[in-house]
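Work through the exercises below with the sequence and the model at hand. Each task is followed by its solution.

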Amino acid sequence: MVVVGAGMAGVQTAVALREQGFTGPVTLIGAEPHQPYDRPPLSKAVLLGTADGSAFDVDFASLDIDLRLGCEALGVRPADHELDTAAGPVPYDVLVLATGAEPVRLPGTGQAPGVHLLRTLDDAERLRPVLAGQHDVVVVGAGWIGAEFATAAREAGCAVTVVEAADRPLAGALPAEVAAPMTAWYADAGVTLRTGARVAAVEPGAVVLDDGARLPSGAVVVGIGAHPATGWLAGSGIDLGPHGDVLADDRLRTSAADVYAVGDCTSFPSARYAERLLVHHWDNALQGPRTVAADILGEEAAPYDPVPYFWSEQFGRFVQYAGHHAAADRTVWRGDPADPAWTVCWLREGRLVALLAVGRPRDLAQGRRLIEAGRVLDADALRDPALPLKQAVVE
């Protein structure tokens, strides 16, 4: 068994193989030289210096997992059952692709000094002294990662300006009426938010916008999205989707024999939502490996069709999302979005398909179970934030 990618999805696949009884050789290959680590702490604890790292608490030696770090994957030859790496070819009986996603770079700033991404441990280490020095910081992108970094930078005492090309934060993730209330969070935290603005150039000490405005900047942090890290699969014959995602089936098998894909680099068909999902979140990287390991070992397992879930801590708020709201036909609010805690629920034909909970973790926990069960809810009862969400179920 060869697993390429030593992030959450790759590590959990190797561990799941052992936990489910596989006793043969397992090789885990990672491009970075660091001990495999978790990514969520990078945007806060590691960045602010309250933690030195976020290595997984996994004893690879005791699990007899051959860990090969600093080894970049270069290609796959499915007909030969070989993985090409910077250290030479690696033969496999079964290969699992778990190379994750890579951040989108700001055009024209490839080697510009002072321009940072936040995806790896090295990225966080380079940014730590920027925050410690309380530099003026310009964040490009008001998505999840941009908001989380802006939060950390403000906590460190930096002056922060966030530049967003859309007319609101999280424009690509949430409907306008749901994202709009979040605009006030930036000002409340002392962050300047410039919407409808694009970066024209990055100069020493300044970011120039397309309207000619110049923003003082000791550092620029780019958070404008990510795409599957699958460019290295070119020529392999493995089917990719329009976003570069590996096209997997409902057992996370790819178009190539004996090759699986899991985590941020792959999409899968969801029967629950009647569409193919590409999920770039931690929980997907945690859950998928169990399905992969079970299928490899010939165990009976349900099709992979999780309720997507993620969380974000930003501007003093704990934001959680479960489900997929794209096909919803009704939106129901629980509470006032001007208050510290509120929830939005999305229904389709009366069934809960997604919810966003701000400071209401009980709503999220109950809602996630209701989505999994496909329960029909009473919309009028759902509107009452004092009523437990599960009590809105229509029996």
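The exercises cover a core, a loop residue and aromatic rings.

This is a predicted model, in which local features need pLDDT of at least 70, side-chain atom pairs count only at pLDDT 80 or more, and totals for chains, interfaces and linings use all residues. Residues are numbered from 1 along each chain as its sequence is written, and side-chain values use heavy atoms, leaving out hydrogens and water.

**Exercise 1.** Find which residues touch the most other members of the largest nonpolar core.

Solution. A nonpolar core is a set of buried Ala, Val, Leu, Ile, Met, Phe, Trp, Tyr and Cys residues joined through side-chain atoms within 4.5 Å. Buried means under 20% relative accessible area, exposed over 50%, partly exposed in between (1.4 Å probe, protein chains only). The core has 95 residues, and Leu131, Phe149, Leu174, Trp346 and Leu356 touch the most other members.

**Exercise 2.** Decide whether Pro107 is buried or exposed.

Solution. Locate Pro107 in the loop between β8 (101-103) and β9 (115-116); strands (E, at least two residues) are DSSP runs, as are helices (H or I, at least four), numbered from the N terminus. Its relative accessible area is 69%, so Pro107 is exposed.

**Exercise 3.** Classify the aromatic pair of Trp144 and Phe310.

Solution. Rings of Phe, Tyr and Trp (its six-membered ring) pair if their centres lie within 6.5 Å; planes under 30 degrees apart are stacked, over 60 edge-to-face, the rest tilted. The centres of Trp144 and Phe310 are 4.8 Å apart with 70° between the planes, an edge-to-face pair. Trp144 lies in helix α3 and Phe310 in strand β22, 166 residues apart.
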